[in-house]
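This report describes a single protein model, from its overall layout down to individual residues. The sequence and coordinates are shown first.

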Amino acid sequence: MIVTFRGSFLGLLAWQWRNAVLFVSAGAVAALAHHTLGHGVWELPTLPVSVAGAALGIFVSFRTNSCYARWWEGRQLWGRLINTSRTLASQAVCNLAPPVADALVRRTIAYVHLLRCALRDQDPWADAAVLRYATDDERARWRAESNPCFAAAHDLRAELTRVADAGALAELRLHAMDTSVAALVDVQGGCERIKKTPFPRAYGYIAERLILAFGVMLPFAMVKPMGWLTVPMNLLVCGAFAMISEVGRVLEDPFTMFWNGLPLTAMSTTVEVNLLQRIGGADVPRIPTPDERGVLM
């Protein structure tokens, strides 16, 4: 996720260079035709083009706002995950003997890192954090499951039940901790819903084609009053539409490794640090900070 933007206008143009070339070319063709041929039937009336631009702006904004809602929901879900993990760790430390509490806390940390890997399409069995907090037996069992994250959550609940059956955990405390595990599973389900339900492609496809068509038509509607200024103005107006649409595209998946994605590494490491400190763990990792690009992963 970009924390501090350090780009430039030229960088934005380089990002959208194909569209920029089209918009500049269309503006140059319109200005050249006006300069050499004068007024003609190829000039378009401004009113219908203006109405089309207004409609296009509404359509593109709707898509971008909808994609941002997905991104923000993902951030809210991970906020709940962080808080619920902290709550579960505190419950374990306060309600259970150290060996059992430590094991539950470490299993909770493994669960959070497993979910991060699943959402980012990373191999959890090659992830250093998962290897650090999941035992060999746990990894073998979870790896055989279709959903390792749910298997880890199930093991958390099974361990709580076993401890309660042994008389080491009161029923009310078991219920409270079971509610925390259920909250973790709810968060996982919400994240999987976002990840596995892409934004309807028709919105992006139509927006992209309409922007291209508008970028070709607009210069012929404003060339008469603006002349050669049509070239930069077409780039500015249509480039803005293209970039707004592109922002919607990159926000569609909040769990991507691209620069716009949520900083899952930083958030999962935050959980790791917070929970380790509850059990007095050694070798507490450093919480990641933004890199030289101003991006926090």
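## Order of elements and overall form

Read from the N terminus, the elements follow the order α-α-α-α-α-α-α-α-α-α-α. The protein thus has eleven helices and zero strands. The radius of gyration is 27 Å, well over the 19 Å that the globule rule gives for 297 residues, so the protein is more spread out than a compact globule. The model is a predicted one.

The C-alpha trace spans about 90 × 35 × 30 Å along the principal axes. Of the 297 residues, 45% are buried. Contacts between residues at least 6 apart in sequence were also sorted by separation, and 76% of them join residues at least 24 apart.

## Helix 3 and helix 10

Helix 3 covers residues 46–95 and helix 10 covers residues 230–251; their axes come within 8 Å and cross at roughly 25 degrees. An angle under 35 degrees counts as roughly parallel, and helix 3 and helix 10 are therefore roughly parallel to each other. The crossing of helix 3 past helix 10 is left-handed.

On the helix 3 side, the contact is made by G53, L56, G57, V60, R63, T64, C67, Y68 and W71, which meet F241, I244, S245, V247, G248, R249 and L251 of helix 10. Sorted by class, this contact of helix 3 with helix 10 contains nine nonpolar, five polar and two charged residues.

## Helix 2 and helix 9

The axes of helix 2 (residues 17–37) and helix 9 (residues 201–226) come within 9 Å, with a crossing angle of roughly 30 degrees. Helix 2 and helix 9 are therefore also roughly parallel to each other. Here helix 2 passes helix 9 in a right-handed crossing, whereas helix 3 passes helix 10 in a left-handed one.

Helix 2 contributes N19, L22, F23, A26, G27, V29, A30, A31 and H34, and these meet I211, L212, G215, V216, P219, F220, V223 and K224 in helix 9. The contact of helix 2 with helix 9 comprises twelve nonpolar residues, four polar ones and one charged.

## Helix 7, helix 8 and D155

Helix 7 (residues 148–165) packs with helix 8 (residues 171–196) at about 175 degrees, the axes being 10 Å apart. Angles over 145 degrees count as roughly antiparallel, so helix 7 and helix 8 are roughly antiparallel to each other. C149, F150, A153, L156, R157, L160, T161 and A164 of helix 7 meet L174, M177, D178, V181, A182, L184, V185 and Q188 of helix 8. By class, the residues of the contact of helix 7 with helix 8 are twelve nonpolar, two polar and two charged.

D155 also lies in helix 7. Its relative accessibility is 12%, so D155 counts as buried. Apart from neighbours within four places in sequence, D155 is in contact with R107, R141 and W142. D155 and M257 are 102 residues apart along the chain, and their C-alpha atoms are separated by 29 Å.

## L262 and the loop between helix 10 and helix 11

L262 sits in the loop between helix 10 and helix 11. Its relative accessible area is 0%, so L262 is buried. With neighbours within four places in sequence left aside, L262 is in contact with W71, G74, R75, R120, P254, F255, M267 and M297. One of these contacts, W71, is also among the helix 3 residues that meet helix 10. The C-alpha atoms of L262 and M297 are 7.2 Å apart, with their positions 35 residues apart in sequence counted end to end.

## R278 in helix 11

R278 is found in helix 11, which covers residues 264–278. R278 is partly exposed, with a relative accessible area of 46%. Not counting residues up to four places away in sequence, R278 touches S90 and V93. R278 and S245 are 33 residues apart in sequence, with a C-alpha to C-alpha distance of 45 Å.

## D121 and its backbone angle

D121 lies in the loop between helix 4 (98–119) and helix 5 (128–133). At 63% relative accessibility, D121 counts as exposed. Most residues other than glycine have a negative phi. In D121, phi is near 55 degrees, a positive value in a residue that is not glycine.

Note on methods. Residues are numbered from 1 along each chain as its sequence is written. This is a predicted model: local features need pLDDT of at least 70, side-chain atom pairs count only at pLDDT 80 or more; totals for chains, interfaces and linings use all residues. Side-chain values use heavy atoms; hydrogens and water are left out. Axes are lines fitted to C-alpha atoms, for helices over the stretch in contact, and angles run from 0 to 180 degrees between N-to-C directions. Helices (H or I, at least four residues) and strands (E, at least two) are DSSP runs, numbered from the N terminus. Angles under 35 degrees count as roughly parallel, over 145 as roughly antiparallel, 65 to 115 as roughly perpendicular and the rest as oblique. A crossing is left-handed if the near helix is turned anticlockwise from the far one by less than a right angle, and right-handed if clockwise. Contact means heavy atoms within 4.5 Å. Ala, Val, Leu, Ile, Met, Phe, Trp, Tyr, Cys and Pro count as nonpolar, Asp, Glu, Lys and Arg as charged, and the others, Gly among them, as polar. The radius of gyration is taken over C-alpha atoms; the globule rule is 2.2 Å times the number of residues to the power 0.38. Buried means under 20% relative accessible area, exposed over 50%, partly exposed in between (1.4 Å probe, protein chains only).
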